[in-house]
Amino acid sequence: DKSDSYDTPVADKWALIVGVSKFKNERLNLQWAAKDAEDFYKYLITKGQFAADHVKLLTNERATEKEIVSELGGKWLPHVAAPDDLVVIFISSHGSPAYMDTAGVNYILAHDSDPEDLYSTALEMQDLVEVISKRIHASRVIVIVDACHSGALEVGGKGLSRSNFDVNHLALGKGRVILSSSLPEEVSWELKGQPNS
């Protein structure tokens with residue numbers, strides 16, 4: 001059916017880029033997550049040919065839970081992205097496994113997230129998917145998550161403990177995809193001598 005918007009040319013391109021290296025809880029700090037976001041931002045506005053004012057970059061102190069949710073589902077993307085547009089969402093941070101939460105929920109950590117209170121301070125993966133599905137009207141959405149849920153709170157690990165979530169359970173619908181930096185049994189790492197994770 002050629003009337004479906006995912007069969008038409010991309011009319012415009014939008015992106016929300018998030019990277020958290022510096023956390024309010026300093027023991028969570030990462031080395032390269034903010035640089036990952038900054039590098040991806042630069043790529044999109046140059047080789048990716050995204051208009052600079054169509055890409056929002058939130059890093060470190062600007063990447064609070066409230067600000068990410070607001071830009072994603074409230075004050076920005078839902079108002080600018082049209083059905084024939086492409087939306088790219090990139091998040092580089094820590095992730096948490098389901099067993100850390102009493103309800104078995106996976107989270108992505110924002111700058112101000114508290115590992116002891118993920119429910120009220122972090123970004124629930126299923127909620128993010130729901131916001132994208134219900135509030136972003138673009139038929140083409142790419143979500144890139146560079147956060148594992150399998151490392152440990154040690155240098156280089158991008159997860160909070162040894163478990164992960166399966167992105168196959170986070171369906172966005174036709175024309176929309178989630179790309180994860182690791183499989184459920186794998187670890188995402190920051191390596192010494194490599195300026196990106």
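What covers the buried residues of α2? Keep that question in mind while selecting the pieces below; the model on screen is a predicted one.

**Stop 1: helix α2**

Select residues 65-74, which make up helix α2. Colour I68, E71, L72 and G73, the buried residues of this helix. Now look down the axis of α2: these buried residues fall within an arc of 165 degrees, so they line one face of the helix. To see their cover, add β1 (13-19), β2 (55-59) and α3 (77-80) to the selection, then β3, β6 (123-124) and α5 (125-135); the cover includes all of these elements.

**Stop 2: E71**

Stay in helix α2 and pick E71. Is E71 buried or exposed? Its relative accessible area is 3%, under the 20% limit, so E71 counts as buried. Show the side chain of K56 as well: a polar contact of 3.3 Å joins it to the side chain of E71. Leaving aside residues up to four places away in sequence, E71 touches L16, K56, L58, W76, L77 and P78. For L16, draw a distance between C-alpha atoms: L16 and E71 are 55 residues apart along the chain, yet their C-alpha atoms are separated by 7.7 Å.

**Stop 3: strands β3 and β7**

Select residues 86-92 for strand β3, which pairs with β7 in the parallel sense over seven bridges. Strand β7 takes up residues 140-146. For one place to zoom in, pick I91, which stands opposite V145 in β7. Strand β7 is mostly covered, with five of its seven residues buried.

**Stop 4: the sheet β4-β5-β6**

Next, show the three strands that form an open sheet in the order β4-β5-β6, with antiparallel pairing. β4 (95-96) and β6 stand at the edges with a single partner strand each, so one side of each has no neighbour in the sheet. Between β5 and β6, which run antiparallel, there are two bridges. Pick I108 and L123 to see a bridge pair, with L123 in β6.

**Stop 5: H111**

From β5 (107-108), follow the chain into the loop that leads to α4 (118-121), and select H111 there. H111 has 11% relative accessibility and counts as buried. Which residues does H111 touch? Not counting those up to four places away in sequence, they are V20, K22, F23, K24, N60, E61, A63 and T64. Within this group, zoom in on K22: its backbone oxygen lies 2.6 Å from a polar atom of the H111 side chain.

Notes:
Residues are numbered from 1 along each chain as its sequence is written. This is a predicted model: local features need pLDDT of at least 70, side-chain atom pairs count only at pLDDT 80 or more; totals for chains, interfaces and linings use all residues. Side-chain values use heavy atoms; hydrogens and water are left out. Helices (H or I, at least four residues) and strands (E, at least two) are DSSP runs, numbered from the N terminus. Buried means under 20% relative accessible area, exposed over 50%, partly exposed in between (1.4 Å probe, protein chains only). A polar contact is a pair of N or O atoms within 3.5 Å; within protein, one must be able to donate a hydrogen and the other to accept it, and residues adjacent in sequence count only if both atoms are side-chain atoms. Contact means heavy atoms within 4.5 Å. Two strands pair if DSSP finds at least two bridges between them. The arc is that of the directions from the helix axis to the C-beta atoms.
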